[in-house]
Amino acid sequence: MDLSKITNSTVKSAVEALQSGDKSWYSFFTENPTMTDDGNKVDFKSFFSKALGEEKFLTIDKVENDGKDITENFKAGSWGTFKVFFKFHLNTDGKFDRLDIGQAH
């Protein structure tokens with residue numbers, strides 16, 4: 001999987017951790033980041049306790065917003081494979097304090 005399209009180095013490092021199922025994924029985020037899934041607020045840690053190591057990017061189709069917004073084909077475990085977006089929100093300390101994901105249309 002070619003991650004070279006991701007231009008934001010922090011996003012790229014976080015996605016590398018997600019791809020490999022590495023728990024260092026959590027270190028890129030604040031203690032209690034806001035997260036939405038298709039517009040519905042979800043608990044970040046609970047969501048990724050199930051998804052980490054099971055779900056991953058298959059292709060990266062579009063990168064926008066200084067490398068913080070990614071649209072890709074995504075393998076979502078038992079949910080199947082479909083096009084989704086990830087929108088990473090960086091705070092002034094260089095950590096993500098919000099992650100919005102959902103199905104891309």
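Colleague: In which strand does Asp 100 lie?

Modeller: This is a predicted model, and in it Asp 100 lies in strand β6.

Colleague: Is Asp 100 buried or exposed there?

Modeller: The general idea is to look at the relative accessible area, where a value under 20% means buried and a value over 50% means exposed. For Asp 100 the relative accessible area is 11%, and therefore this residue is buried.

Colleague: Which residues is Asp 100 in contact with, leaving aside its neighbours within four places in sequence?

Modeller: With those neighbours set aside, Asp 100 is in contact with Thr 36, Phe 85, Phe 86, Lys 87 and His 89. As a distance to try in the viewer, the C-alpha atoms of Asp 100 and Leu 52 are separated by 16 Å, and these two residues are 48 residues apart along the chain.

Colleague: Before we go further into single residues, how many helices and strands does the chain have, and in what order do the elements run?

Modeller: The chain has two helices and six strands, and, read from the N terminus on, the elements follow the order α-β-β-α-β-β-β-β.

Colleague: How should I read the overall dimensions, and what radius of gyration does the chain have?

Modeller: One sets the radius of gyration beside the value for a compact globule with the chain's number of residues; for 105 residues that value is near 13 Å, and the chain has 12 Å, which agrees. The C-alpha trace, taken along its principal axes, spans about 35 × 30 × 25 Å. Of the 105 residues, 37% count as buried, and the accessible surface comes to about 5900 Å², with 45% of it belonging to carbon and sulfur atoms.

Colleague: What share of the contacts joins residues 24 or more positions apart?

Modeller: Among the contacts in the chain with a separation of 6 or more, residues 24 or more positions apart account for 40%.

Colleague: How many residues does the largest nonpolar core have, and which of them have the most contacts inside it?

Modeller: The general idea is that nonpolar side chains tend to be buried together in soluble globular proteins. Here the largest nonpolar core has 26 residues, and Trp 25, Phe 86, Phe 88 and Leu 99 are those with the most contacts inside it. At least two residues of this core come from each of α1 (9-20), β1 (29-37), α2 (44-51), β3 (55-64), β4 (69-76), β5 (81-90) and β6 (96-103), while α1 gives the most, with five residues.

Colleague: If I select Leu 99, which residues is Leu 99 in contact with, its neighbours within four places in sequence left aside?

Modeller: Leu 99 is in contact with Trp 25, Phe 29, Thr 34, Met 35, Thr 36, Phe 44, Phe 48, Phe 86, Lys 87, Phe 88 and His 89. Among these partners, Trp 25, Phe 86 and Phe 88 also belong to the residues with the most contacts inside the core.

Colleague: Turning to the backbone, what is phi of Asp 38 and of Asp 66?

Modeller: The sign of phi is the thing to read: Asp 38 has a positive phi of about 55 degrees although it is not a glycine, and Asp 66, also a residue other than glycine, has a positive phi near 55 degrees. Asp 38 is placed in the loop between β1 and β2 (40-43), whereas Asp 66 lies in the loop between β3 and β4. Asp 38 counts as partly exposed because its relative accessibility is 47%, and Asp 66 counts as exposed because its relative accessibility is 63%.

Colleague: Where is Asp 22 placed, and which residues does Asp 22 touch?

Modeller: Asp 22 is in the loop between α1 and β1, and, not counting residues up to four places away in sequence, Asp 22 touches Ala 17 and Leu 52. At 38% relative accessibility, Asp 22 counts as partly exposed.

Colleague: How far apart in space are Ser 20 and Glu 55, C-alpha to C-alpha?

Modeller: Separation along the chain and separation in space are read side by side: Ser 20 and Glu 55 are 35 residues apart in sequence and 9.6 Å apart in space. Ser 20 has its place in helix α1 and, with 56% relative accessibility, counts as exposed.

Colleague: And how far apart are the mean positions of the positive and negative charges?

Modeller: The chain has 14 positive and 17 negative charges, and their mean positions are 1 Å apart.

Conventions:
Residues are numbered from 1 along each chain as its sequence is written. This is a predicted model: local features need pLDDT of at least 70, side-chain atom pairs count only at pLDDT 80 or more; totals for chains, interfaces and linings use all residues. Side-chain values use heavy atoms; hydrogens and water are left out. A nonpolar core is a set of buried Ala, Val, Leu, Ile, Met, Phe, Trp, Tyr and Cys residues joined through side-chain atoms within 4.5 Å. Buried means under 20% relative accessible area, exposed over 50%, partly exposed in between (1.4 Å probe, protein chains only). Helices (H or I, at least four residues) and strands (E, at least two) are DSSP runs, numbered from the N terminus. Contact means heavy atoms within 4.5 Å. The radius of gyration is taken over C-alpha atoms; the globule rule is 2.2 Å times the number of residues to the power 0.38. Accessible areas come from the Shrake-Rupley method with a 1.4 Å probe; for residues, only the protein chains shown count as cover. Lys and Arg count as positive and Asp and Glu as negative; His and the chain ends are not counted. The place of a charge is taken as NZ of Lys, CZ of Arg, CG of Asp or CD of Glu.
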